[in-house]
2 protein chains.
Amino acid sequence: MSRFRAEIAEQPAVARRVLAASRQAVGHAAAAVGARAVSGLVIAARGSSDHAATYAKYLFELRNRLPVSLASPSEYTKYLTPPRLDRFCVLAISQSGSSPDVVAVVREGRRQGAVTLALTNRPDSDLAREAEIVLPMHAGAERSVPASKTYTASLLMVALLSCALEPDTRFRDALADVPSALEEALRVEEQAASLAHTIHSDRMMADRIIVLGRGYHLATAQEVALKLTETSHVLAQAQSVADFLHGPVAVVEAGLPALLVDSEGPAQADVEAAATLLRDRGARVVQLTDRAEPWPGVEAAITLPTGLPEALAPLPFAVAGQLLAYHLARSRGLDPDHPHQLQKVTRTW
Amino acid sequence: MSRFRAEIAEQPAVARRVLAASRQAVGHAAAAVGARAVSGLVIAARGSSDHAATYAKYLFELRNRLPVSLASPSEYTKYLTPPRLDRFCVLAISQSGSSPDVVAVVREGRRQGAVTLALTNRPDSDLAREAEIVLPMHAGAERSVPASKTYTASLLMVALLSCALEPDTRFRDALADVPSALEEALRVEEQAASLAHTIHSDRMMADRIIVLGRGYHLATAQEVALKLTETSHVLAQAQSVADFLHGPVAVVEAGLPALLVDSEGPAQADVEAAATLLRDRGARVVQLTDRAEPWPGVEAAITLPTGLPEALAPLPFAVAGQLLAYHLARSRGLDPDHPHQLQKVTRTW
């Protein structure tokens with residue numbers, strides 16, 4: 001069996017482990033952040049972890065009202081005049097904890113006296129050593145090159161931290177439902193295989209696709225796009241629906257494939273409007289949604305009722321996107337465990 | 001003559017006007033920001049203005065050491081629980097000043113007591129009315145759908161604000177050189193036409209291209225990619241070199257076109273390394289550079305010595321990118337003034 005596919009299946013168990021094991025570390029981090037009355041967060045991450053950072057940006061800004069700045073690591077490693085971080089909490093997200101540029105952001109944050117948190121799957125990594133507080137992902141070794149379980153573990157840890165910073169009974173109860181929602185997500189396999197087949201057999205997605213979300217699901221769009229790129233060599237461009245309308249919509253022509261991601265929430269109507277616009281202009285629209293039925297005119301869909309509030313829907317949706325990427329790679333005769341050009345750990349400076 | 005091409009040519013004059021007319025407004029803004037000892041900036045923008053925001057992020061973080069958070073407008077217009085902004089300066093960048101979501105960010109910032117700045121070409125716009133301080137772009141009416149002069153005017157205003165916040169004789173002298181550097185950039189027209197011809201005639205860029213920069217030129221990569229998309233309907237994906245290596249590099253296959261953007265500075269070696277990697281893997285590499293000679297193995301290039309420090313090079317480089325987009329549209333028989341699917345002013349909520 002493919003390692004990628006096997007690790008996808010581990011996600012409910014990983015989520016249970018995270019929920020059971022993280023209370024103390026998360027509480028410690030929340031206390032440190034609360035004690036400093038920070039102005040906001042600076043988050044450093046690359047690749048899939050950078051999409052976890054997008055999720056964190058929405059969650060911390062909306063639930064905790066803390067502005068989030070995504071770090072530009074070259075300022076720390078190349079230009080050497082990084083911004084003042086002492087009024088911020090610096091959070092790094094990295095499975096391996098070993099990309100030197102992400103480590104450099106945390107090192108500088110600590111040097112300046114900021115609260116520094118390392119969310120990593122390797123508590124023995126350089127990143128963990130540099131940070132004041134380590135938040136382990138508890139995902140176990142991830143061996144497939146495309147990330148799966150470390151992505152959803154990162155999202156869950158971010159959500160736990162948000163909850164610890166601003167406790168709320170309903171949100172805490174919803175967090176407890178995440179493992180079973182991830183189990184439900186594994187049951188969309190047939191739909192994912194069918195959507196992959198539609199995409200592949202029709203050559204509609206020969207070499208490019210646009211992936212659109214808004215709000216919390218911008219992170220989902222980014223992560224699904226990367227999974228499609230990594231496993232199936234598709235140039236997949238992810239954007240928020242609103243940004244897409246400010247220019248990139250010019251690329252729409254008959255036959256252009258577009259994957260829309262939405263779940264119940266304030267942004268859902270915008271995604272529906274985009275579906276109509278894209279369909280009217282001849283794009284071939286497919287969808288990943290929590291609705292029982294896809295939007296009218298959608299050619300194929302994965303429908304995934306999650307039972308979760310929108311703020312947690314990116315977790316099961318990521319699983320559905322992983323299954324789509326896995327089956328698309330198989331349809332194309334590619335090895336999803338070993339994308340070409342990539343190693344498991346990428347080090348950038 | 002094409003309006004787009006005519007407005008491209010106006011940029012040296014616009015830059016002179018900005019330098020002559022903006023001292024008071026910029027000084028006023030800098031005094032307001034300085035008086036509040038802000039923790040950082042929150043910038044709201046869409047489309048080309050969002051790429052000016054990317055430029056502003058690097059400049060304010062590197063020159064002024066102020067962390068920058070790019071606003072997610074849906075938090076203000078859809079989710080309705082925006083972050084706390086009172087310790088920040090809120091800067092909106094918008095040519096038209098009329099996209100409701102960008103206006104909403106400024107309105108909320110002002111309601112919360114933040115310093116609010118509106119950088120706009122329309123001092124009579126909703127955006128200008130909502131902000132405490134208006135920074136006019138002085139670009140004159142822009143009628144072509146793809147932005148040109150309002151983009152470089154935005155960058156110049158951002159640079160003037162950065163300089164006013166932290167005066168520095170060398171940087172101020174370099175600012176005075178911008179108009180003549182933009183004139184020089186207009187002289188690369190033949191190179192731009194030739195590069196467009198190479199791209200078009202070879203069908204190397206049938207429908208997709210990756211555009212890579214790092215540091216200050218991430219903004220250039222984003223803006224050139226959008227210009228290519230708007231005028232020539234190419235799915236152009238812009239990324240930092242480092243982010244590209246963390247996953248999207250999987251898309252590289254023989255024949256994939258890649259445009260690299262670099263000028264002298266700490267990030268240039270990284271772009272060179274990416275050029276080597278891409279060439280070794282069979283990509284077709286073209287370049288926009290300030291070097292006298294392109295990197296080895298590059299198929300075609302625009303070489304543009306700017307005489308400016310890297311922090312200001314994105315201004316003349318944007319002009320070169322506009323000329324490339326203009327000539328590519330002509331090679332493809334498209335009307336660069338009126339991209340399909342787009343109006344001049346996009347309103348998103």
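These are my notebook entries on the domain and chain contacts in this predicted model.

**Ground rules**

I kept to the model's own conventions: residues are numbered from 1 along each chain as its sequence is written, chains are lettered from A and ligands numbered from 1 in the order in which they are written, and side-chain values use heavy atoms, with hydrogens and water left out. As the model is predicted, local features need pLDDT of at least 70 and side-chain atom pairs count only at pLDDT 80 or more, while totals for chains, interfaces and linings use all residues.

**Entry: the two domains of chain A**

I began with the split of chain A, which gives domain 1 (3–176) and domain 2 (181–331); such bounds come from an automatic or database domain assignment. I then looked up the spacing, and the C-alpha centres of the two domains of chain A lie 26 Å apart. Their contact (heavy atoms within 4.5 Å) takes 27 residues from domain 1 of chain A and 26 residues from domain 2 of chain A.

Next I wanted the area. The size of an interface is often given as the accessible area lost when the parts come together. Here buried area is what two parts lose on being put together, with a 1.4 Å probe and summed over both. For domain 1 and domain 2 of chain A I read about 2300 Å², 71% of it on carbon and sulfur atoms.

I turned to the charged pairs, where a salt bridge is a side-chain nitrogen of Lys or Arg within 4 Å of a carboxyl oxygen of Asp or Glu. The interface between the two domains of chain A has two of them. I noted the salt bridge of A:Glu189 with A:Arg5, whose closest N and O atoms are 2.4 Å apart.

I also noted nine residue pairs in polar contact between these domains of chain A, both residues at pLDDT 80 or more. Such a contact is a pair of N or O atoms within 3.5 Å; within protein, one must be able to donate a hydrogen and the other to accept it, and residues adjacent in sequence count only if both atoms are side-chain atoms.

Which element gives the largest share of the side of domain 1 of chain A that touches domain 2 of chain A? I found α4(A), with seven residues. Helices here are DSSP runs (H or I, at least four residues), as are strands (E, at least two), numbered from the N terminus.

**Entry: inside α4(A)**

I stayed with helix α4 of chain A, where A:Lys57 and A:Glu61 sit four residues apart, about one turn of the helix. Their side chains meet in a salt bridge at 2.9 Å, N to O.

**Entry: chain B against chain A**

I moved on to the contact between the chains, which takes 70 residues from chain B and 69 residues from chain A. Together the chains bury about 6200 Å², 53% of it on carbon and sulfur atoms. I jotted down B:Tyr79, B:Leu235 and B:His246, which supply 13% of the area that chain B buries against chain A, more than any other three residues.

I found six salt bridges across this interface of chain B and chain A. One of my lookups was A:Lys78 with B:Asp270, a salt bridge with its closest N and O atoms 3.0 Å apart. The polar contacts between chain B and chain A come to 31 residue pairs, both residues at pLDDT 80 or more. On the side of chain B that touches chain A, α4(B) gives the most, with five residues.

**Entry: symmetry**

How do the copies superpose? I see that a turn of 180° and a shift of 0.0 Å along the axis lay chain B on chain A with an RMSD of 0.0 Å, fitted by least squares on the C-alpha atoms of residues with pLDDT of at least 70 in both. The two copies are therefore related as by a two-fold rotation axis. B:Ser69 comes closest to that axis of the residues of chain B, at 2.0 Å (C-alpha). The same surface serves both copies, with 99% of the contact residues of chain B recurring in chain A.
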